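Q: Please give me a close look at one part of this structure, and then follow it outward to whatever it touches. I would like one connected account that I can check against the model.

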Amino acid sequence: MSRDVPTVRPETPVVDAARLLLTHRIGAVPVIDADGRLAGLVSEADLLHRAETGTLHERSWWLRAITPGEVLAREYVKTHARQIRDVMSLDVVCVTEDAELASVVDLMETRGAWTIPVVRDNQPVGLINRATLLQLLVSRASSTAPVQNDDAAIRQRVVDAFRTEPWAGLWSSNVIVHDGVVHLWGWAGSEAVRDACRVAAESVPDVKGVENHIHVPRLISLSM
């Protein structure tokens with residue numbers, strides 16, 4: 001997560017919050033109250049439709065006529081307000097420092113959250129966004145420890161990788177490695193399983209390439 005967490009207050013001007021997002025190159029910033037506790041979140045999405053930029057919702061006269069006045073009033077506040085308190089999101093998805101990364105990703109997907117504050121005693125101490133996950137992916141890929149790369153060792157790692165996946169269904173004799181290139185043989189029940197076998201082999205360290213010879217039987221329809 002990013003630990004250098006900028007914050008704003010409810011009374012912060014909208015333009016200052018937008019400037020903060022641009023300066024720090026982040027998609028959202030936590031809003032804190034006078035005690036430093038998380039009070040909300042303001043994101044790029046909250047600032048998309050603004051009177052200053054001419055990006056207001058354009059409704060035809062008849063659509064405005066059937067839209068409840070309360071809805072129109074809330075939209076007006078959101079698009080014309082000068083302070084963050086009127087545009088920030090109050091239903092904030094947040095996690096604690098000991099949250100599992102997998103659960104954070106699940107929250108991003110189920111709640112549609114691009115940026116999630118990390119809190120300690122309800123005070124923001126970090127931010128996790130989708131860019132954070134991409135940075136983790138790159139750092140993990142570049143810091144992979146060197147492993148034994150002879151064909152026998154590579155083959156064993158490929159076989160072990162298949163054994164952990166219930167869909168694989170390949171015998172060890174179906175895996176042949178020559179000069180770091182994995183050759184997969186055998187049968188698969190679908191193209192998806194065939195592709196998954198290839199991806200699993202490609203993910204094994206030191207594999208230079210995969211030749212996928214796995215056959216998928218095709219049903220032949222007999223017409224009278």
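A: Two strands count as paired if DSSP finds at least two bridges between them. The model looked at here is predicted. In it, three strands form an open sheet of mixed pairing, in the order S3-S4-S5. S3 and S5 are the edge strands, each pairing on one side only. The part to look at is S4, which stands between them in that order.

Strand S4 covers residues 115-120, and five of its six residues are buried, so the strand is mostly covered. Buried here means under 20% relative accessible area.

Start with the S3 side. Strand S3 consists of residues 95-96, and two bridges join it to S4, with the two strands running parallel. Within this pairing, Thr96 stands opposite Val119 of S4.

Now turn to the S5 side. Strand S5 is residues 123-129, and six bridges join S4 to it, this time with the strands antiparallel. Val119 comes up again here, as it stands opposite Pro124 in S5. Arg120 has Gln123 as its bridge partner in S5. S4 and S5 make a hairpin with two residues between the strands, and in that hairpin Asp121 takes a positive phi near 55°. As general background, strands of a sheet pair through backbone hydrogen bonds, in either a parallel or an antiparallel way.

Next, look at a single residue of the strand. Thr115 is placed in S4. Is Thr115 buried or exposed? Its relative accessibility is 9%, and the cut-off for buried is under 20%, so Thr115 counts as buried. If neighbours within four places in sequence are left aside, Thr115 is in contact with Gly27, Ala28, Leu41, Leu127, Ile128 and Asn129. Several other parts of the chain can be reached through this list.

One of these contacts, Ala28, leads to strand S1. Strand S1 is residues 28-32 and is mostly covered, with five of its five residues buried. Ala28, Pro30 and Ile32 point one way from S1, while Val29 and Val31 point the other way. In a regular strand the side chains alternate between the two faces of the sheet. Both groups in S1 are buried.

S1 is joined to S2 by five bridges, and these two strands run antiparallel. Across that pairing, Ala28 stands opposite Ser43 in S2. S1 and S2 form a hairpin with five residues between them, and Gly36 in the turn has a positive phi of about 80°.

Thr115, Ala28 and Ser43 also meet at a pocket. They are among the residues that lie nearest the centre of the largest pocket, together with Ala113 and Trp114. How many residues line this pocket? There are 21 of them. The pocket holds about 470 Å³ of space. Its lining residues divide into nine nonpolar, six polar and six charged. Strand S2, residues 38-43, supplies at least two residues of the lining, and so does helix H5, residues 130-142.

Helix H5 can be followed one step further, through Ala131, which is placed in that helix. Its relative accessible area is 38%, so Ala131 is partly exposed. Ala131 and Gly27 are 104 residues apart along the chain, and their C-alpha atoms are separated by 9.7 Å. Gly27 has already appeared, as one of the contacts of Thr115.

For a part of the model away from this account of strands, take helix H6, residues 151-163. Its 13 residues should span 18 Å at 1.5 Å a residue, and the end C-alpha atoms are 18 Å apart, so the two values agree. Ala153, Ile154, Val158, Val159 and Phe162 are buried in H6. An α-helix has 3.6 residues a turn, so residues three or four places apart point the same way. The buried residues of H6 pack against strand S6 (175-178), strand S7 (181-184) and helix H7 (191-202).

To return to the starting point: S4 runs parallel to S3 and antiparallel to S5. Its residue Thr115 touches Ala28, among others, and is one of the residues nearest the centre of the largest pocket.

Key:
Residues numbered from 1 in each chain as written. Predicted model: local features only at pLDDT ≥ 70, side-chain atom pairs only at ≥ 80, totals over all residues. Heavy atoms only, no water. Buried < 20%, exposed > 50% of the residue type's maximum accessible area, 1.4 Å probe, protein only. Helix = DSSP H or I, 4+ residues; strand = E, 2+ residues; numbered from the N terminus. Contact = heavy atoms within 4.5 Å. 1 Å grid on protein atoms, 1.4 Å probe; cavity = no way out; pocket = protein on both sides within 12 Å on 5 of 7 lines; lining within 4 Å. Points joined across faces, edges and corners; volume = space filled by probe spheres on them. Nonpolar A, V, L, I, M, F, W, Y, C, P; charged D, E, K, R; others polar. Expected span 1.5 Å × (residues − 1).
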